[in-house]
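Colleague: I'd like a close look at one part of this model, please. Take a single pocket, tell me what surrounds it, and then set it beside the rest of the chain.

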Amino acid sequence: LQKELQHVQQLRDSMALGLQQLNQKDYAPAKATFGALLRHSNAKCVLMCAARADVGLGLTDSALRLTLQIIRQLDKNYAEAYEVRGQCMFLMGDLDKGMSLVKEALRLDPDLSSAQRILKQCKKVSTNIQTARNAYFRRDFPTAINAFSESIQICNPLPPKSPLYGILYSERAEAYLRIKNYSAALKDCALVLYAIDDCVKAWLVKARALGGLGRYEEARSDMESLLQKWGSNNDEIVKAYEKADFEVRKTRRPDFYKLFQIPHVAS
């Protein structure tokens, strides 16, 4: 009996520690704490807290799995599970589905303040992304950049591992590219690729930005590396490599006009 009491005390202490870590937004330690707890208990509160830690890290697949376990096995009307699932879809870039799930959470619990906040955030980001994409289509690139930047600010802190992080930064980078702000485009691409190293759009925008700066050998090296690893079946990566390779070879050709000291346009 004494051992059982000690075990219960340890679980209670771990739960308190995990909640403290969640409140402090220390999501990695919280994930470890609740991961250890899950080896001893599949209680709804433990599963829910583990899912929230995963969401904080941008690990949407894991959070979706945990919340689905709650809904299917423990409580099909648990509002917080739908809220977290909505937040996952939001972070995956499916804003409409995210809002739908959060609205379901609020139907089940109209007073759930965290769901109210997430729904408001979803609506603002969805509007800003649409504004940004419409502006980009109209070639109003400064407006697109501002709208993407506002979306990033609204989501702050946005988990770097989340697909939405890659979407917002890589699309803003593409807008920077169109106004020839290559350094800003490269910075945004670096942020994405540090966290999501298989984001094709970020790699392609980076290659074009490097090309804009005349750094074709770097662009070719990047594309060649992707082709060797996982990008050989991606037509856009193949084309980016071929373009960079062409530019590299062109710069290595002898300039006969300069060599023979004649103008490029002969009379």
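Modeller: Happy to! A pocket here is an open set of points on a 1 Å grid over the protein atoms alone, where a 1.4 Å probe fits and protein lies on both sides within 12 Å along at least five of seven lines; a lining residue has an atom within 4 Å of a point. Points are joined across faces, edges and corners, and the volume is the space filled by probe spheres set on them. Please keep in mind that this is a predicted model, in which local features need pLDDT of at least 70 and side-chain atom pairs count only at pLDDT 80 or more, while totals for chains, interfaces and linings use all residues. Numbering runs from 1 along each chain as its sequence is written, and side-chain values use heavy atoms, without hydrogens or water.

Let's take the second largest pocket, which holds about 290 Å³ of space. It is lined by 16 residues, and those closest to its centre are L204, A207, R208, A240 and K243. Three helices (DSSP runs of H or I, at least four residues, numbered from the N terminus) each supply at least two lining residues: α11 (200-212), α12 and α13. Of these, α11 gives the largest share, with seven residues. Sorted by class, the lining has seven nonpolar, two polar and seven charged residues; Ala, Val, Leu, Ile, Met, Phe, Trp, Tyr, Cys and Pro count as nonpolar, Asp, Glu, Lys and Arg as charged, and the others, Gly among them, as polar.

Two of those helices also pack against one another. α12 spans residues 216-231 and α13 spans 235-252, their axes are 8 Å apart, and the angle between them is about 145 degrees. (The axes are lines fitted to C-alpha atoms over the stretch in contact, and angles run from 0 to 180 degrees between N-to-C directions.) On the α12 side, the residues that meet α13 are Y216, E217, A219, R220, M223, E224, L226, L227, W230 and G231. Their partners in α13 are I237, V238, A240, Y241, A244, D245, E247, V248 and R252, where contact means heavy atoms within 4.5 Å. This contact divides into 12 nonpolar residues, one polar and six charged. A240 appears in both pictures: it is one of the residues meeting α12, and one of those closest to the pocket centre.

R208 leads us on to another helix. E174 sits in α9 and touches Y136, K201, V205 and R208, leaving aside residues up to four places away in sequence. E174 counts as buried because its relative accessibility is 16%; buried means under 20% relative accessible area, exposed over 50%, and partly exposed in between, with a 1.4 Å probe and protein chains only.

Following α9 outwards, K180 lies in the loop between α9 and α10 (182-195). Its phi is near 65 degrees, a positive value in a residue other than glycine, and K180 is exposed at 63% relative accessible area. In the loop between α8 (141-155) and α9 (163-178) lies P157, joined to N156 by a cis peptide bond with omega about -5 degrees. G93 also belongs in this part of the tour: it touches L164 and I167, again not counting residues up to four places away. G93 itself is in the loop between α5 (79-91) and α6 (95-108), and is partly exposed, at 33%. G93 and S151 are 58 residues apart in sequence, with their C-alpha atoms 12 Å apart in space.

Now for the comparison. The largest pocket contains about 670 Å³ of space. K25, Y27, G56, Q87 and R117 are the closest to its centre among 27 lining residues. Helices α1 (2-23), α3 (44-57), α5 and α7 (113-137) each give two or more residues to this lining. Its class count is 16 nonpolar, six polar and five charged. K25 deserves a second look: it lies in the loop between α1 and α2 (27-38), has a positive phi near 60 degrees, and counts as exposed at 52% relative accessibility.

One last stop is L112, in the loop between α6 and α7. L112 is buried, at 10% relative accessible area, and touches A79, E80, E83, A105 and L106, with the usual sequence neighbours up to four places away left out. From L112 to Y182 the C-alpha distance is 44 Å, for 70 residues in sequence.
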